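Let's take a walk through this model, one residue and one helix at a time. Have the viewer open and follow along.

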Amino acid sequence: MSSGTMRPTDLLLASVLTGTAFLAAAGALALAGEFAGWGTAGWMALHLALLGGVSQLVIGVSQFFVTAFLATTPPPPKVLHWLICRAE
């Protein structure tokens, strides 16, 4: 998909799908840890859900509402990639 055809809802959908995947992974980790007897699986699942899932949902949805309320276009994917790589 080229950046000229990208809509603000595309970023929202990507963020929601990524956040949901993190939450599903956290649930799977909690279940696997319960059955396997891993003592720290609950804490790992909690961190995966909060740091991965919830933060991804909040960041993605807030960016969607900012662009919707300001009636601007979303930033280009190159800018998003640069921001993410710079944070690491």
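Start with W43: it counts as exposed because its relative accessible area is 58%, and the cut-off for that label is over 50%. Keep in mind that this is a predicted model. W43 sits in helix 2, and it's also part of a nonpolar surface patch of about 690 Å². The other members of that patch are L23, L46, L50, L51, V54 and V58. Who gives the most to it? Helix 2 does, with six residues.

Now look at helix 2 as a whole. It runs over residues 41-70, which makes 30 residues. From first C-alpha to last, helix 2 reaches 42 Å, close to the 44 Å you'd expect at 1.5 Å a residue. There's a kink along the way, though: about 25°, centred on A49. Just past the end of the helix, A71 takes a positive phi of about 55°.

Helix 2 has its buried residues too. These are A41, A45, A49, G52, G53, G60, F64 and T67, so A49, the centre of the kink, is buried under the cut-off of 20% relative accessible area.

Finally, hop over to helix 1, residues 8-36, where you'll find S15. Is S15 buried or exposed? With a relative accessible area of just 3%, S15 is buried, because that label applies to anything under 20%. Leaving aside residues up to four places away in sequence, S15 touches Q56, L57, G60 and V61. Of these, G60 has turned up already, as one of the buried residues in helix 2.

Note on methods
Residues numbered from 1 in each chain as written. Predicted model: local features only at pLDDT ≥ 70, side-chain atom pairs only at ≥ 80, totals over all residues. Heavy atoms only, no water. Helix = DSSP H or I, 4+ residues; strand = E, 2+ residues; numbered from the N terminus. Buried < 20%, exposed > 50% of the residue type's maximum accessible area, 1.4 Å probe, protein only. Contact = heavy atoms within 4.5 Å. Expected span 1.5 Å × (residues − 1). Bend = angle between axes of the 7 residues up to and from the residue. Patch = residues over 30% accessible without salt bridge, like charges linked within 9 Å, V, L, I, M, F, W, Y side chains within 5 Å. Areas by Shrake-Rupley, 256 points an atom, 1.4 Å probe, with all protein chains shown as cover. Salt bridge = Lys/Arg side-chain N within 4 Å of Asp/Glu carboxyl O.
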